[in-house]
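The following exercises concern strand pairing, helix packing and exposure. Please work through each task before reading its solution.

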Amino acid sequence: MLGRNVAGEFSGEMPIFMGTTSIVSVRAVTKCRIARFERQQLQELVRDSPSAGEIIFQTMTSRFARAQKLARETPSSRVQISGSKYDNNCRAIRAFLSANRIQYDWRPSITEPESDITVSVEGTSVENPTVRRVAEALGFQTVPKHQQYDIIIAGAGPAGMAAAVYSASEGLKVLLVERFAAGGQAGTSSRIENYLGFPAGISGDELTERALKQAKRFGVEILFKRNVEEVQSLDGSQCVTLDGGDRIGARVLLLATGVSWHRLEFEGHGELLGRGILYGASRFDGVAVTGRRIFIVGGGNSAGQAAVFYSGYAAEVILLVRGPGLAQSMSQYLIQQIHDKANIGVEPYTEVTGVHGEDHLEQITTTSRPPGGPEFSCTRDAKALFIMIGAVAKTGWLPASLERDANGYICTGRDLTTWSLDREPFALETSMPGIFCAGDVRHGSVKRVASGVGEGSMSIAYIHEYLAVAR
């Protein structure tokens with residue numbers, strides 16, 4: 001925000017008196033003289049000159065009054081939503097806004113559970129609201145500006161964003177395509193405490209926000225709410241088809257699409273999916289589970305971070321683990337935090353075998369099978385069931401000629417069994433020359449944030465080598 005002061009005016013008195021950091025700076029646009037006061041000097045001026053003090057405090061009072069008026073008249077959020085908490089479209093819009101760190105006000109509709117939703121963005125109603133229409137109303141780019149790029153990156157998780165920053169900083173023309181929200185699964189983490197350079201830890205959304213600012217500063221073009229649906233290699237160039245039919249080309253394609261949670265099967269799953277049964281965790285669900293009992297399926301770091309986060313809202317958080325405990329799959333710092341939380345419990349050798357409820361989840365049935373002990377089941381009240389177990393590489397949309405392992409993970413470099421050129425493939429290059437892969441979706445990758453960032457950064461070095469030999 002830009003403002004101008006003329007001769008005789010002053011600003012910055014409030015942070016000086018309150019001892020806070022000033023949030024604005026001053027720059028001279030014409031020849032002038034400016035009086036700069038430190039806190040002690042300003043206090044002495046007010047004490048020794050009653051007339052100066054009167055002017056300063058009258059101005060402060062006027063500014064406080066304007067701030068109060070602005071606070072009363074300005075909407076608390078950019079987006080206003082009215083709709084059922086069980087409506088999939090309403091939930092998807094809220095999840096998108098939350099994942100992209102956009103404040104919104106949500107009023108659950110009186111008619112449950114299948115009522116129409118209404119959405120307004122900064123006072124303007126969104127007709128037939130969908131996630132993409134809301135994104136466009138908020139100013140998110142959803143259409144590519146060009147037909148040809150140096151590199152197209154599919155997926156804006158840690159690997160994709162690192163690759164975007166490094167490639168753009170080295171002068172490449174970059175398009176980053178993200179189907180939902182930047183940050184991937186890491187972006188939903190309440191606190192990442194073992195990431196180098198952040199001794200106090202950093203939340204996933206804060207890390208994502210910093211990466212996005214960095215990418216935009218280097219000129220990365222980012223598309224939101226778009227999917228890469230088809231890939232073709234034509235005469236040494238990569239042709240990409242987006243959902244909706246847009247076709248764009250690039251010299252190189254980097255696949256950094258990440259993985260999805262493994263889908264479970266048990267009685268009642270299909271009927272209550274999205275109505276208390278949720279895959280992954282979202283920060284906006286915290287308020288919804290306040291004072292209630294929730295269950296989390298999973299024993300990895302994502303499940304542990306979710307348990308710690310929700311423990312600040314829910315009365316009881318129960319982690320269900322198929323194995324003997326958390327030691328084999330979770331970082332020690334998270335295990336210690338879970339141990340220190342009185343309202344978090346861990347139930348080993350336990351699986352969900354059924355869920356119950358009319359319009360939403362009300363109860364959950366679990367079955368425990370301890371080795372050497374009797375099998376037993378119990379049914380308990382539950383507000384929500386968060387499933388964060390396993391990982392699935394959804395790569396079926398890729399060309400059949402692009403080599404994958406038995407589980408769908410993309411093979412690269414030395415792991416390739418088929419290769420068509422005389423030269424050796426680069427370390428992160430797939431079986432289709434000019435198409436690279438980084439992050440969780442790559443065969444043999446380490447499923448950690450730092451590893452994804454490392455692979456994304458490394459991929460650009462190999463891409464430069466590829467571009468040099470492909471000329």
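**Exercise 1.** Identify the bridge partner of Tyr-279 in β18, and place the pairing within its sheet.

*Solution.* In this predicted model, Tyr-279 has Ile-387 of β18 as its bridge partner. The next step is the strand pair: β11 and β18 (residues 384–387) run in the parallel sense and share three bridges. This pair belongs to an open sheet of five strands, ordered β11-β18-β12-β13-β14 with parallel pairing. Because β11 (277–279) and β14 (344–347) each have a single partner strand, they stand at the edges, and one side of each lacks a neighbour in the sheet. On average, neighbouring strands of this sheet are turned by 20 degrees against each other, direction ignored. Finally, helix α10 (residues 301–310) packs on the sheet and touches β12, β13, β14 and β18; the direction of α10 makes about 170 degrees with that of β12.

**Exercise 2.** Determine how α10 and α11 are oriented towards each other, and state which residues meet.

*Solution.* The axes of α10 and α11 (residues 332–340) come within 10 Å and cross at roughly 30 degrees. Angles under 35 degrees count as roughly parallel, and the two helices are therefore roughly parallel to each other. The crossing is left-handed. From α10, Asn-301, Gly-304, Gln-305 and Val-308 meet Tyr-333, Leu-334, Gln-337 and Ile-338 of α11. The residues of this contact comprise four nonpolar, four polar and no charged.

**Exercise 3.** Decide whether Glu-271 counts as buried or exposed.

*Solution.* Glu-271 lies in helix α8 (residues 269–272). Its relative accessibility is 61%. Since exposed means over 50%, Glu-271 counts as exposed.

Notes:
Residues are numbered from 1 along each chain as its sequence is written. This is a predicted model: local features need pLDDT of at least 70, side-chain atom pairs count only at pLDDT 80 or more; totals for chains, interfaces and linings use all residues. Side-chain values use heavy atoms; hydrogens and water are left out. Helices (H or I, at least four residues) and strands (E, at least two) are DSSP runs, numbered from the N terminus. Buried means under 20% relative accessible area, exposed over 50%, partly exposed in between (1.4 Å probe, protein chains only). Two strands pair if DSSP finds at least two bridges between them. Axes are lines fitted to C-alpha atoms, for helices over the stretch in contact, and angles run from 0 to 180 degrees between N-to-C directions. Contact means heavy atoms within 4.5 Å. Angles under 35 degrees count as roughly parallel, over 145 as roughly antiparallel, 65 to 115 as roughly perpendicular and the rest as oblique. A crossing is left-handed if the near helix is turned anticlockwise from the far one by less than a right angle, and right-handed if clockwise. Ala, Val, Leu, Ile, Met, Phe, Trp, Tyr, Cys and Pro count as nonpolar, Asp, Glu, Lys and Arg as charged, and the others, Gly among them, as polar.
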